[in-house]
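Subject: A structure for you to look at

Hello,

Here is the structure I promised to hand over. Please open it alongside this email, and I will walk you through what I found.

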Amino acid sequence: MKRIAEIERKTKETDIKLTLNLDGKGASSIDTGIAFLDHMLTLFSAHGFFDIDIKAKGDTEIDYHHTVEDIGICLGSAIKKALGDKKGIKRYGHAIIPMDEALARVVIDISNRPYLSYHVPLERSVTGSFDTSLLKEFFKAVVNDAGITMHIELLSGDDAHHGAESIFKAFSRALDQAMQIDERLDAVPSTKGLL
């Protein structure tokens, strides 16, 4: 079964089309109108081996908030749709990834219980024209629409770009691990029988 999802979201603030293949090779075509976010999502695709295509237009003349959040909504929706009934998935994933002085840890439970724990202390959050504090809104949207529990911690680092990069790489590796099929399972990984 192919785990692929297509999501379209159009509001007065954004117009987004996203396609996600969980079992891809890491190919991406990403144009969000926000260069830094394009870079982060390209890393997510490459390091998690997800094929992803995103075309987004948003009211970036105001700021990046609506576009960043709505792309998170679309990515979360795509993850949930592509996972289907979640039969046989490993469910849990974690990764600790360095990027120079930065070190990030991301732990995921594909639980159908949305929750984000986000501990990213940065004295300066701006890199170029992008404020990385918006990434909390992105990940909040992802977990709410994917139905996952995710803990994100920046364990060390003071460069906003390096911190964000280590977080996105850890997110992709943790998700890749959690959504893998465990051949020992012939059901959803829950004693309740339902996720």
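**What I found**

Asn-112 is partly exposed, with a relative accessible area of 32%. This residue sits in the loop between β6 and β7, and although Asn-112 is not a glycine, its phi is positive, at about 65°. Please keep in mind throughout that this is a predicted model.

Another loop residue makes a nice companion to that one. Lys-86 is found in the loop between α2 and β5. Lys-86 is not a glycine either, yet has a positive phi of about 65°. Is Lys-86 buried or exposed? Lys-86 is buried, with a relative accessible area of 5%; the cut-off for buried is under 20%.

**The sheet with β1 to β4**

Now to the strands. One open sheet has 4 strands in the order β1-β2-β4-β3, and its pairing is mixed. At the edges are β1 (4–10) and β3 (28–31), each of which pairs on one side only. On average, neighbouring strands here are turned by 5° against each other, direction ignored.

Inside this sheet, β2 (residues 14–21) and β4 (residues 51–58) are antiparallel partners, joined over 8 bridges. If you would like a spot to zoom in on, try Leu-20, which stands opposite Ile-52 in β4. Helix α1 (residues 35–48) lies across β3 and β4, and runs at about 160° to β3.

**The sheet with β5, β6, β10 and β7**

There is also an open sheet of 4 strands with the order β5-β6-β10-β7, again with mixed pairing. Its edge strands are β5 and β7 (115–119), and each pairs on one side only. From one strand to the next, the twist averages 10°.

Strands β5 (residues 92–99) and β6 (residues 102–109) pair in the antiparallel sense over 8 bridges, with Ile-96 having Arg-105 in β6 as its bridge partner. These two strands form a hairpin with 2 residues between them. In the turn, Asp-100 has a positive phi of about 55°.

On to the next pair: β6 and β10 (residues 149–156) are antiparallel as well, over 7 bridges. Val-107 stands opposite His-151 in β10, while Ile-108 has Met-150 in β10 as its bridge partner.

Two helices meet this sheet. Helix α3 lies across β7 and β10, running at about 160° to β7. Helix α4 packs on the sheet and touches β5, β6 and β10, with a direction that makes about 155° with that of β5.

**How the helices pack**

How do α2 and α3 lie relative to each other, and at what angle do they cross? The axes of α2 (residues 65–83) and α3 (residues 135–146) come within 7 Å and cross at roughly 30°, so the two helices are roughly parallel to each other. The crossing of α2 past α3 is right-handed. Residues making this contact include Val-68, Gly-72, Leu-75 and Ile-79 of α2, and Phe-138, Ala-141 and Val-142 of α3.

For α3 and α4, the axes come within 12 Å and cross at roughly 10°, which makes this pair roughly parallel too. From α3, the contact uses Leu-135, Phe-138, Phe-139 and Val-142; from α4, it uses Ala-164, Ile-167, Phe-168 and Phe-171.

**The core**

Which residues have the most contacts inside the largest nonpolar core? They are Leu-75, Ile-108 and Phe-139, in a core of 60 residues. Helix α4 (residues 160–178) gives the most to this core, with 9 residues.

Leu-75 is a good place to see several of these pieces come together. Leaving aside its neighbours within four places in sequence, Leu-75 is in contact with Leu-18, Leu-20, Phe-44, Ile-52, Phe-138, Val-142 and Phe-171. You have already met Leu-20 and Ile-52, which stand opposite each other in the β2 and β4 pairing.

**One last residue**

Finally, have a look at Asp-182, in the segment after α4. Asp-182 is buried, with a relative accessible area of 12%. Neighbours within four places in sequence aside, Asp-182 is in contact with Gly-88 and Lys-90.

Enjoy exploring!

Best wishes

Conventions: Residues are numbered from 1 along each chain as its sequence is written. This is a predicted model: local features need pLDDT of at least 70, side-chain atom pairs count only at pLDDT 80 or more; totals for chains, interfaces and linings use all residues. Side-chain values use heavy atoms; hydrogens and water are left out. A nonpolar core is a set of buried Ala, Val, Leu, Ile, Met, Phe, Trp, Tyr and Cys residues joined through side-chain atoms within 4.5 Å. Buried means under 20% relative accessible area, exposed over 50%, partly exposed in between (1.4 Å probe, protein chains only). Contact means heavy atoms within 4.5 Å. Two strands pair if DSSP finds at least two bridges between them. Axes are lines fitted to C-alpha atoms, for helices over the stretch in contact, and angles run from 0 to 180 degrees between N-to-C directions. Angles under 35 degrees count as roughly parallel, over 145 as roughly antiparallel, 65 to 115 as roughly perpendicular and the rest as oblique. A crossing is left-handed if the near helix is turned anticlockwise from the far one by less than a right angle, and right-handed if clockwise.
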